[in-house]
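Colleague: Could you walk me through this one? I'd like to learn how to read its features.

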Amino acid sequence: MQQQLTHTERRQAKPAEHVHIHRLTVGDLEQVRNHFLRLSSTSRRLRFGRPVSNEFLERYAEALFDAVSIVYGAEIDGVIRGVTEMRGDTTSWSRFAEAAISVEDEFQDRGIGGALLKRLVQAAQNRGVAQLYMICLRENHKMKHLAQKNEAILDYCVDEVEGRITDLHPSFASLFSEWFDEASDYVTSLMTPARK
Ligand SMILES: CC(C)(COP(=O)(O)OP(=O)(O)OC[C@H]1O[C@@H](n2cnc3c(N)ncnc32)[C@H](O)[C@@H]1OP(=O)(O)O)[C@@H](O)C(=O)NCCC(=O)NCCS
């Protein structure tokens, strides 16, 4: 029987430098679809607030890049294992945007979700999104913890919790950091063979 790893052991199992976080485009659609399909039923429910079928996930992935959205992926050995997205108004960035995030079960508890959310918050900050909100089930302690780590205010409803990160303003550091990350991603993409 496979031994259950503790939280600390899972964190140490794969060093953070093996994870490449970068912006995803419609060219990554198949990878994103496959990532969603690999989520367990528990993670699917936590991500979408209810059980969802493979057909739902396929449709969701296909619509993802049609919306005005920014999508980042966490790539490990050429495979996208985590995805975070931000959706704003359908025509322009508005004062409100919604964030969502998923990491495949066997890659959770290694800091990937936290790193993805940090990158998304920076993107929101740089686009003048005044309020980034995320909705999760009440029982989703990890997500609530990550939201609070990013200074979100949590509002509890019956089954759900809404986390709101407010007071987001671009700074020289946040703009430079996003520019640097995107430039590095571009250079990396030129030097890396096509992803699986
Ligand atoms: C929520 C999710 C994205 C987190 O991703 P992850 O890669 O596991 O997250 P990380 O490893 O970066 O961070 C997890 C944090 O939660 C903390 N945590 C773990 N279990 C916890 C618990 N029971 N209670 C409180 N905090 C907990 C960890 O200590 C860690 O915090 P730290 O970085 O301060 O130590 C991932 O679990 C997931 O995809 N879940 C299914 C989908 C989902 O719930 N999406 C959110 C709704 S949109």
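Modeller: Sure. Keep in mind that this is a predicted model.

Colleague: Let's start with two helices. In what kind of crossing does α2 pass α4?

Modeller: Handedness depends on which way the near helix is turned from the far one, clockwise being right-handed. Here α2 passes α4 in a right-handed crossing. The angle between helix α2 (residues 29-38) and helix α4 (residues 54-64) is about 150°, and their axes are 9 Å apart.

Colleague: Which residues make the contact?

Modeller: From α2 you have L29, V32, R33, F36 and L37, and from α4 N54, L57, E58, Y60, A61 and L64. By class, that contact has 8 nonpolar, 1 polar and 2 charged residues.

Colleague: Now the ligand. Which residues come nearest?

Modeller: For a shell, take residues whose C-beta atom lies within 6 Å of the molecule. There are 23 residues around the ligand, and L46, Q108, G113, G114 and H141 come nearest. Two or more residues each come from α3 (41-48), β4 (96-103), α5 (112-126), β5 (131-137) and α6 (141-149).

Colleague: Which element gives the most to that shell?

Modeller: That's α6, with 6 residues. By class, the shell has 9 nonpolar, 9 polar and 5 charged residues.

Colleague: And the whole chain: how many helices and strands does the protein have?

Modeller: It has 7 helices and 7 strands, and along the sequence they follow the pattern α-β-α-α-α-β-β-β-α-β-α-β-β-α.

Colleague: What share of the residues count as buried?

Modeller: Burial takes 20 or more other C-beta atoms within 10 Å. Of the 196 residues, 28% count as buried.

Conventions:
Residues numbered from 1 in each chain as written. Predicted model: local features only at pLDDT ≥ 70, side-chain atom pairs only at ≥ 80, totals over all residues. Helix = DSSP H or I, 4+ residues; strand = E, 2+ residues; numbered from the N terminus. Nonpolar A, V, L, I, M, F, W, Y, C, P; charged D, E, K, R; others polar. Axes fitted to C-alpha atoms, helices over the stretch in contact; angles between N-to-C directions. Contact = placed C-beta atoms within 7 Å. Buried ≥ 20, exposed ≤ 12 C-beta atoms within 10 Å, placed from the backbone.
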